[in-house]
Amino acid sequence: MSETSERRWGASAAVRTTFLVHGLVSAAWVARIPQIKAELGLSEGALGVALLGSPVGVVIAVRLTGRIAARWGSGPVARVSGVAAGLALVPLGLADGLGALTAALTALGLALGVLDVAMNAQAVAVERREGRPLMSGMHGAWSVGALGGALTGSWAAHLEVPVPLHLGAAGAGLALAALLGTRGLPDDAEQRTALDDGAAGDGDGALRAARRPLLMLGVIGLCSFLGEGAMADWSAVHLRETLGAGAGVAGLGYAGCAVAMAVARLAGDRVIAAAGPVRVLRAGGLLAAAALGAGLLSGHPAPSVLGFTLYGLGIAVVAPITFGAAGNLPGVPAATGISWVTSIGYAGFLAGPPVIGFVAQGVGLSWALAIPVALALVITALAGAVRTARS
């Protein structure tokens, strides 16, 4: 392997490490939520307030990170925020009340939000160097990390490992992994140069011209993230309470969706390179809408589980494609474009669960879950924005 090839491989591996760490941190604590709730004596309402801390922190961070990453470079920002995200698990495990838990989750969300923008900007830099799609595989590494974090957390809970010990050890180990595993992150000096040139007005003009495609890409992301949140929060409830499935079967809806997304993302780069991002988005949106719609209309657990699974397959590459398009807008630093799209898209995580719940209260959960079906069709309709953004 030549020195150039080794450097490129090292850069790609370092960026994948940031995605892996992000996924591991995001899921490491989730399995401990019931124990945290019990040990702190929190009601369902109080826990709900605390859990808002993380998504609120993420939404704030992604909106503010673009200019910071564009000024200092997404590589250093990714390294620092990766270490911070790992260490943020420590106070989460030590929280002794509602206020401390909310503050810890907000800090975790802030660190993960900063890392999210920076690592996606790094993925754009690697794609430019390689001259081929790589973003989907990067997000696949995130999915693998999230699965690993969830399984490790479940294992620790099963062994009754104390929450402070589990999250403290996980936080220290992941912070070290972020520090050591990201030394090969590529330099993105051209993004900082673009921002510096913008001081004369060109950058601001490019950003103003890019607002429409950024808005459309953000809407596509919002449609995807709202659907993902709906699958995570409501698929098991639908299977259990609406269709009468057993407790074991009820969990298969989101499990199938998550596994399908991971597999599709790991294989997505080749498909995108062969068919093009617009066709992939359109086909994925149609598949997601048709599969989920048919599953909901079936009224039976097995077709519904299949529908949730195929929905995940259909929307798996929406985030990688839209983030990649946002990071390649002419004259706009990658971190800036990505921060715009993520700040719009992640609003779906905040709005999705309560919107589904409110609609379900009025017309039933089956009809409420038709909202992700409609939004998948919106993704298909707006897929051309990817071509516009990359032109």
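This passage walks through the nonpolar interior, one helix and a surface patch of a predicted model.

A good place to start is the inside of the protein. The largest nonpolar core holds 78 residues, and within it Phe19, Met231 and Leu369 touch the most other members. Helix H11, which covers residues 202-242, gives the most to this core, contributing ten residues. A second core, of 25 residues, lies apart from it and includes Val21, Trp29, Leu92 and Val163.

Leu369 offers a handy view of the packing in the largest core. Leaving aside residues up to four places away in sequence, Leu369 touches Ala230, Met231, Trp234, His238, Leu292, Leu296, Phe308 and Ile356.

One of these contacts, Phe308, leads to helix H15 (residues 301-315), where Phe308 is buried along with Ser304, Val305, Gly307, Tyr311, Gly312, Gly314 and Ile315. The length of H15 can be checked against its residue count: with 15 residues at 1.5 Å a residue, the helix should span 21 Å, and its end C-alpha atoms are 21 Å apart, so the two values agree.

Turning to the surface, Leu52, Val56, Ile60, Leu64 and Leu110 make a nonpolar patch of about 420 Å². Helix H4 (residues 53-72) supplies the largest share of this patch, three residues. Leu110, another member of the patch, lies in helix H7, which runs over residues 98-130. Leu110 counts as partly exposed because its relative accessibility is 34%, a value between the 20% limit for buried and the 50% limit for exposed residues.

How values were computed: Residues are numbered from 1 along each chain as its sequence is written. This is a predicted model: local features need pLDDT of at least 70, side-chain atom pairs count only at pLDDT 80 or more; totals for chains, interfaces and linings use all residues. Side-chain values use heavy atoms; hydrogens and water are left out. Patches are made of residues with over 30% relative accessible area and no salt bridge: like charges are joined within 9 Å, nonpolar side chains (Val, Leu, Ile, Met, Phe, Trp, Tyr) within 5 Å. Accessible areas come from the Shrake-Rupley method with a 1.4 Å probe; for residues, only the protein chains shown count as cover. A salt bridge is a side-chain nitrogen of Lys or Arg within 4 Å of a carboxyl oxygen of Asp or Glu. Helices (H or I, at least four residues) and strands (E, at least two) are DSSP runs, numbered from the N terminus. Buried means under 20% relative accessible area, exposed over 50%, partly exposed in between (1.4 Å probe, protein chains only). The expected span of a helix is 1.5 Å times one less than its number of residues. A nonpolar core is a set of buried Ala, Val, Leu, Ile, Met, Phe, Trp, Tyr and Cys residues joined through side-chain atoms within 4.5 Å. Contact means heavy atoms within 4.5 Å.
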